[in-house]
Amino acid sequence: MTDRPLLPAARDATATAPAGAGLLALRRVGVCIGTLFWIKAVGTTAFMGLFFIAYFHLLRHPTQAPIVMPLTAIDRWIPFHPWALWPYISLWFYVALPPSLLTSFRSLLSYGSWVGALCIAGLVCFYFWPTAVPRQPLSTEGMAGFDLLRGVDAAGNACPSLHVAAATFSAWWLHRLLHALALPAWLRAANAAWYALIVWSTIATRQHVWWDVLAGVALALLFTPASLRWVGAPRRDDMMPAQGKRAGEEQ
């Protein structure tokens with residue numbers, strides 16, 4: 001399903017930027033978020049709800065005894081960090097950012113189809129090959145957040161890590177969209193740092209091990225490049241005129 005061609009090269013997105021382009025770019029972000037806002041909000045919420053129904057069903061009712069994933073030197077090298085809970089749960093805000101910047105119903109539908117296919121592939125893995133993270137002695141006394149996390153999201157459905165797969169898919173898309181909007185380079189760097197924190201947190205919270213992370217990245221790579229090729233991120237030319245007409249500055 002092709003909606004938009006691929007983004008222009010980085011030099012094309014910034015070479016013709018006029019003075020005050022930063023303010024205009026931020027205004028374009030607002031226009032993008034506001035376009036089809038309720039469809040995005042309801043659609044994202046419904047998608048997450050359906051995903052969690054299937055995810056927790058497989059988590060509570062595995063088809064066979066889960067295989068315990070082995071630890072590696074990397075798992076032992078990364079210590080447990082209580083504050084890693086926050087970047088871990090921030091994924092559910094992070095994954096909502098790319099669709100919030102899409103500006104047509106067709107691109108939203110195509111994007112949802114691709115990320116849905118990624119999630120279904122992960123759930124199929126959990127169905128035929130249930131896995132779990134080895135229980136490790138952790139002192140979580142007084143950490144209500146961790147008690148809640150372990151009570152709700154038990155250390156199953158481990159490999160591939162859908163946490164990492166969804167973060168990778170979102171990070172790549174968000175990078176391209178930030179580029180298309182001609183936003184400052186530091187925002188793309190912040191996107192990369194946020195993504196790295198989410199991936200790190202999956203191990204630092206002891207919800208996943210290194211093999212889960214690698215498998216999650218591999219799963220994302222099966223879908224992300226193809227989604228960008230066939231859906232296409234919006235071009236700068238598609239975003240700037242809309243904002244220009246609204247602001248009366250770019251005609």
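Let me start with the crossing of helix 11 and helix 12, which is right-handed in this predicted model. The contact there is made by Tyr195, Val199, Thr202 and Ile203 on the side of helix 11, and by Trp210, Val213 and Val217 on the side of helix 12. If we sort these residues by class, the contact of helix 11 with helix 12 has six nonpolar residues and one polar residue, with no charged ones.

How do we describe such a pair? Two packed helices are described by the angle between their axes together with the distance between those axes. Here helix 11, residues 185-204, and helix 12, residues 210-230, pack at an angle of about 140°, and their axes are 8 Å apart. Because the oblique class takes in angles above 115 degrees that are not over 145, helix 11 is oblique to helix 12.

One of the contact residues, Ile203 of helix 11, also brings us to another part of the chain, since the C-alpha atoms of Phe80 and Ile203 are separated by 7.8 Å, although the two residues are 123 residues apart along the chain. Where does Phe80 lie? Phe80 is in the loop between helix 4 (73-77) and helix 5 (85-89), and, at 19% relative accessibility, Phe80 counts as buried, because the cut-off is under 20%.

Let me finish with helix 10, residues 162-180, whose 19 residues should span 27 Å at 1.5 Å a residue, and whose end C-alpha atoms are indeed 27 Å apart, so the two values agree. Helix 10 is mostly covered, with 17 of its 19 residues buried, and it is followed by Ala182, which has a positive phi, near 55°.

Technical notes
Residues numbered from 1 in each chain as written. Predicted model: local features only at pLDDT ≥ 70, side-chain atom pairs only at ≥ 80, totals over all residues. Heavy atoms only, no water. Axes fitted to C-alpha atoms, helices over the stretch in contact; angles between N-to-C directions. Helix = DSSP H or I, 4+ residues; strand = E, 2+ residues; numbered from the N terminus. Parallel < 35°, antiparallel > 145°, perpendicular 65-115°, else oblique. Left-handed = near helix turned anticlockwise from the far one by under 90°. Contact = heavy atoms within 4.5 Å. Nonpolar A, V, L, I, M, F, W, Y, C, P; charged D, E, K, R; others polar. Expected span 1.5 Å × (residues − 1). Buried < 20%, exposed > 50% of the residue type's maximum accessible area, 1.4 Å probe, protein only.
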